[in-house]
Amino acid sequence: MKNYLLLITFVLGFGGKSLHAQQDFQSLHEVWIKDFNDGKYSQQFWEKGSLFLEGKVFQGKDKMYGKLLIYRSQIKNIQSFEQVALISHQQNNYFEMGIYKANNGNYASIVGWKKLGGKWLREIQILYPLEKGSGAPLAQMIISYAETWMKYSNAHDHAQLIEQVYSPKAVYVNGGRVDAGRKEIIDRYAYMSNPNWQIKLVPLKQLEVKDDIIFEIGRYESTGVGHYVIVWEKQESGKWQACLDFNF
């Protein structure tokens, strides 16, 4: 596994709580893998869930299933899932980073789990082919982008935040709603213009998926405490920008 990923862990004040939560999702992955390989409809998708597959978003469980059914012919059979990180946000939401091992290679994944009616559902599924990365110094790079994000957000300049940090085709997903493109995200972030608005970002986990894609899971502290996922994409200019932003 070391040949496929570089994982950086920041154990930064988490209220004395371990970043590695105790919830076990392995049996759910086993069911999902069997259904995927058999081409069966998964019961683990949330009604308003989203699939972010290699840079494109598909919303709603029917669209998620339909796209994965097509993608199945590329992945072939998935053999197993290996968990890389598990971070809890309260007791009914978890972020799980891991690797699906398939016949034709490995696939990096983040699942945002949501518990409804006693059942665990996938609110978001992120999936990319996993390639050997460059071994880039992820820690310093992600901290730098977190500082840039906070700089513009705390200055109440959400327009510059999106312009500088988000790619032109970025999507923001939250609570079953998808905002696509910079204009929609700027409108969604209008609350940052409140003069009392302040936020702190704490990067927690990173996974270098390939030379131009990095997964990040982090914590934000503002009027409350939440957790986020950002998929960073290297642009043709060489600049890294967010192509997906999702948070609990």
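This is a guided tour of the structure above, one selection at a time.

Before you start, note that this is a predicted model, in which local features need pLDDT of at least 70 and side-chain atom pairs count only at pLDDT 80 or more, while totals for chains, interfaces and linings use all residues. Residues are numbered from 1 along each chain as its sequence is written, and side-chain values use heavy atoms, with hydrogens and water left out.

**Stop 1: the open sheet**

Switch to a cartoon view and look for an open sheet of 6 strands, with mixed pairing and the order 3-2-7-6-5-4. Helices (H or I, at least four residues) and strands (E, at least two) are DSSP runs, numbered from the N terminus, and two strands pair if DSSP finds at least two bridges between them. Now select 56-59 and 78-89: these are strand 3 and strand 4, which stand at the edges with a single partner strand each, so one side of each has no neighbour in the sheet. On average, neighbouring strands here are turned by 20° against each other, direction ignored. Axes are lines fitted to C-alpha atoms, for helices over the stretch in contact, and angles run from 0 to 180 degrees between N-to-C directions.

Next, highlight residues 45-53 and 119-129. These are strand 2 and strand 7, paired in the parallel sense over 5 bridges. Leucine 53 has leucine 127 in strand 7 as its bridge partner.

**Stop 2: two helices across the strands**

Add residues 26-38, which form helix 1. Helix 1 lies across strands that include strand 2 and strand 4, running at about 140° to strand 4. Then add residues 61-75 for helix 2, which lies across strand 3 and strand 7, among others, and runs at about 40° to strand 2.

While you are here, select glycine 118, in the loop between strand 6 and strand 7. Is glycine 118 buried or exposed? Glycine 118 is exposed, with a relative accessible area of 60%; buried means under 20% relative accessible area, exposed over 50%, and partly exposed in between (1.4 Å probe, protein chains only). Its C-alpha atom is 9.2 Å from that of asparagine 92, and the two residues are 26 residues apart along the chain.

**Stop 3: the nonpolar cores**

Show side chains for Ile126, Tyr128, Phe215 and Val231. Of the 28 residues in the largest nonpolar core, these four touch the most other members. Such a core is a set of buried Ala, Val, Leu, Ile, Met, Phe, Trp, Tyr and Cys residues joined through side-chain atoms within 4.5 Å. Strand 10 (residues 200-210) supplies the largest share of this core, 4 residues. A second, separate core has 27 residues, including Leu138, Tyr152, Ile199 and Ile230.

Zoom in on tyrosine 128. Leaving aside neighbours within four places in sequence, tyrosine 128 is in contact with residues including Phe52, Tyr107, Phe215 and Cys243; contact means heavy atoms within 4.5 Å.

**Stop 4: helix 4 and its surroundings**

Which residues of helix 4 (residues 158-165) are buried? They are His158, Leu161, Ile162 and Val165. Look down the axis of helix 4: its buried residues fall within an arc of 95°, so they line one face of the helix. That arc is taken from the directions from the helix axis to the C-beta atoms. The partners they pack against include helix 3 (138-154) and strand 12 (225-234).

Now select strand 8, which runs parallel to strand 13 and is joined to it by 4 bridges. Tyrosine 166 stands opposite alanine 242 in strand 13. Strand 8 is also joined by 4 bridges to strand 9 (residues 177-180), and these two run antiparallel. In the hairpin of strand 8 and strand 9, with 2 residues between the strands, glycine 175 takes a positive phi near 60°.

**Stop 5: salt bridges**

The structure holds 10 salt bridges, each a side-chain nitrogen of Lys or Arg within 4 Å of a carboxyl oxygen of Asp or Glu. Select glutamate 163 and arginine 182, whose side chains meet in one of them (3.3 Å, N to O). This pair links distant parts of the chain, helix 4 and helix 5, with their positions 19 residues apart in numbering.

Finish with arginine 177 and aspartate 179, which form a salt bridge with the closest N and O atoms 3.1 Å apart. Arginine 177 is partly exposed at 42% relative accessibility, whereas aspartate 179 is buried at 4%. Salt bridges that share partners join Arg177, Asp179 and Arg188 into one network.
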